[in-house]
Amino acid sequence: MSDTLIIGGGVMGMMMAWQLAEAGQTVTLLERGQCGREASWAGGGIVSPLYPWRYSSAISSLSRWSEGEYPRLAEALKDATGIDPEYRQKGLIYLRVEDEALALDWARTQHKPLEVIEREALYAREPHLVS
């Protein structure tokens with residue numbers, strides 16, 4: 001008999017199972033489909049809300065912590081499994097944000113790089129966009 005039963009083999013279920021097993025617990029994980037699919041697959045490793053300035057400071061704090069831990073986690077997973085989780089730190093371009101002032105203020109207070117760019121700079125970065 002296992003010490004712990006985890007229902008759901010998404011990212012969170014698999015992470016809990018891994019950490020509990022590392023701590024010496026016996027774990028049973030139940031998943032109705034294939035582990036790491038469904039919502040975990042759709043999320044693609046994103047740890048920040050799409051529009052983070054629209055959330056509470058508690059969410060911003062959790063997101064900032066997660067962004068700091070993610071590179072270490074990716075390396076630990078690669079070391080433990082031999083599988084490269086392909087961690088990449090990329091940016092995001094927002095188009096036509098209605099609450100631009102709120103977004104810029106949030107970025108300033110959170111020390112996040114967020115700037116308004118002109119159309120020419122946007123097309124220079126992403127030449128396949130259509131106007």
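**Cavity, core and crossover**

Modeller: The structure holds one cavity of 30 Å³ or more. The model is a predicted one.

Biologist: What makes this space a cavity and not a pocket?

Modeller: A 1.4 Å probe fits there but cannot get out, so the space is called a cavity, whereas a pocket is open. About 40 Å³ of space lies in the largest cavity.

Biologist: Which residues line the largest cavity, and what makes them lining residues?

Modeller: Ser-48, Ser-60, Ser-63, Arg-64, Glu-67, Trp-106, Gln-110 and Lys-112 line it. Each counts because it has an atom within 4 Å of a cavity point. Helix 3 (57–81) gives the most to this lining, with four residues. Helix 4 (100–110) also supplies at least two.

Biologist: Why are Trp-53, Val-97, Ala-103, Trp-106 and Ala-107 called a nonpolar core?

Modeller: These five residues are of the listed kinds, are buried, which means under 20% relative accessible area, and are joined through side-chain atoms within 4.5 Å; therefore they form a nonpolar core. This core is the largest. Leaving aside neighbours within four places in sequence, Val-97 is in contact with Trp-53 and Arg-54.

Biologist: How do you know that strand 1 and strand 2 pair?

Modeller: Pairing takes at least two bridges, and four join strand 1 (residues 4–7) to strand 2 (residues 27–30), so the two strands pair. They run parallel. Leu-5 has Thr-28 as its bridge partner in strand 2.

Biologist: Why is the β-α-β unit called right-handed?

Modeller: With the strands pointing away from the viewer, the path from strand 1 over helix 1 (residues 11–22) to strand 2 runs clockwise, so the unit is right-handed.

Terms used: Residues are numbered from 1 along each chain as its sequence is written. This is a predicted model: local features need pLDDT of at least 70, side-chain atom pairs count only at pLDDT 80 or more; totals for chains, interfaces and linings use all residues. Side-chain values use heavy atoms; hydrogens and water are left out. Buried means under 20% relative accessible area, exposed over 50%, partly exposed in between (1.4 Å probe, protein chains only). Contact means heavy atoms within 4.5 Å. On a 1 Å grid over the protein atoms alone, a cavity is a set of points where a 1.4 Å probe fits but cannot get out, and a pocket is an open set with protein on both sides within 12 Å along at least five of seven lines; lining residues have an atom within 4 Å of a point. Grid points are joined across faces, edges and corners, and a volume is the space filled by probe spheres set on the points.
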